[in-house]
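Please open your viewer and keep the selection panel within reach. We will go stop by stop, with something to select at each one.

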Amino acid sequence: MAYDEFVTAMMALFLCLWLTSQDVKIKEAVERAFRNPFSNVTKESVGIIPNNDASATFQQQGRFQSVSAVEMETMRHLSDDLSKLLKQNEDVSSVRIDLTPEGLNINIFDRAQKPIFHPNTAEFTDYGSWVFSTLAWEISRYTTFHIEVEGHTEAKSETGGEDHGKWELSADRANAARRIFMDNGVADKQIFKVSGFADTSPMAGYEPDNEINRRVTVLLKLKESVQALSNDSSDSNQSDQPDTPAATTNDTPKN
């Protein structure tokens, strides 16, 4: 018994010495892992469905090279927890979660059979309010993400008239998502950008007039990756003009 206790004590000492030698980022990530224990997920998972091409996806772009493996695993856990949380009450087909090189990408689709918004408005249906409140409750547990919210419409979308077209509608819906996030625990300093793209950015593989393009996209980015991208952009002296125009709301909170 004395030898067993000695080996256990040596292992504990080794772990303590290892932790003290790590940088602040890994220490914080380990602390979060102990505060929020998660169920196991497969390393091959890109989104909520296992995918053997996941490793190839991350190798194609190097934007997460400075992010620890613990942070990436945290993203996988969050993806899995969100899908389980949404499916507790019903089978949610309106939400698609993907783990991408840029971060965790969440698309919430405004389908005709299960609308998120009332037609041609930025007012949530009861179902839409439940979906966004559920997402906000889980996302609010994490403070290491920058959150970007985008509103999109399909090409044939009807609007409220000439003074309230697709640009205004998509921006208003993105801003409505921001508000419900903040009302349900997400810190305002985490909201990095709120934009409306009208019908200029359809889903890959779908026609511009398909209703699947009528959606709100929530992108969760690690703060470290956002700073790295900003540094890369300034070093390359690229133009600040975006490739795709976006109607960004004026009341977006600033960090």
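How much area does the chain expose, and what share of it do carbon and sulfur atoms supply? The chain exposes about 14,300 Å², and carbon and sulfur atoms supply 50% of that area. Do keep in mind along the way that this is a predicted model.

**Stop 1: the whole chain**

Show the chain as a cartoon and colour it from the N terminus on. You should find 7 helices and 6 strands, in the order α-α-α-α-β-β-α-β-α-β-β-α-β. Of the 255 residues, 44% count as buried. If you display contacts between residues at least 6 apart in sequence, 75% of them join residues at least 24 apart.

**Stop 2: helix 5**

Now select residues 126-139, which make up helix 5. Its 14 residues reach 20 Å from the first C-alpha to the last, close to the 20 Å expected at 1.5 Å a residue. Is this helix enclosed by its surroundings or open to the outside? Helix 5 is largely enclosed by the rest of the structure, because 10 of its 14 residues are buried. To see them, highlight Y127, G128, V131, F132, S133, T134, L135, A136, E138 and I139.

**Stop 3: the nonpolar core**

In soluble globular proteins, nonpolar side chains tend to be buried together. Here, the largest nonpolar core has 36 residues, and those that touch the most other members are I106, I108, F132, L135, F181 and L220. Show these six as sticks. Several elements give two or more residues to this core, among them helix 4 (69-86), strand 1 (95-100), strand 2 (103-109) and strand 5 (215-222). Helix 5 gives the most, with 6 residues.

Centre the view on L135 next. Which residues is L135 in contact with, leaving aside its neighbours within four places in sequence? They are L82, L86, I106, I108 and F181.

**Stop 4: the aromatic cluster**

Select F117, F124, F132 and F181, which form one aromatic cluster. The structure holds 5 aromatic pairs. In the pair F117 and F124, the ring centres are 4.7 Å apart and the planes are at 25 degrees, so this pair is stacked. Both residues are worth colouring by accessibility: F117 is buried, with a relative accessible area of 3%, and F124 is buried too, at 19%, where the cut-off for buried is under 20%.

**Stop 5: I180 in helix 6**

Move on to I180, which lies in helix 6. I180 is buried, with a relative accessible area of 10%. Draw a distance from its C-alpha to that of A136: the two residues are 44 apart in sequence and 7.7 Å apart in space. Beyond residues up to four places away in sequence, I180 touches F124, S129, F132, S133 and A136.

**Stop 6: A155 in its loop**

Finish at A155, in the loop between strand 3 (145-152) and helix 6 (166-183). Is A155 buried or partly exposed? At 30% relative accessibility, A155 counts as partly exposed. Not counting residues up to four places away in sequence, A155 touches K166, D199, P208 and D209. For a last distance, pick the C-alpha atoms of A155 and S201: these residues are 46 apart in sequence and 10.0 Å apart in space.

Methods. Residues numbered from 1 in each chain as written. Predicted model: local features only at pLDDT ≥ 70, side-chain atom pairs only at ≥ 80, totals over all residues. Heavy atoms only, no water. Helix = DSSP H or I, 4+ residues; strand = E, 2+ residues; numbered from the N terminus. Expected span 1.5 Å × (residues − 1). Buried < 20%, exposed > 50% of the residue type's maximum accessible area, 1.4 Å probe, protein only. Contact = heavy atoms within 4.5 Å. Areas by Shrake-Rupley, 256 points an atom, 1.4 Å probe, with all protein chains shown as cover. Phe/Tyr/Trp six-rings, centres within 6.5 Å; stacked < 30°, edge-to-face > 60°. Core = buried A, V, L, I, M, F, W, Y, C linked by side-chain atoms within 4.5 Å.
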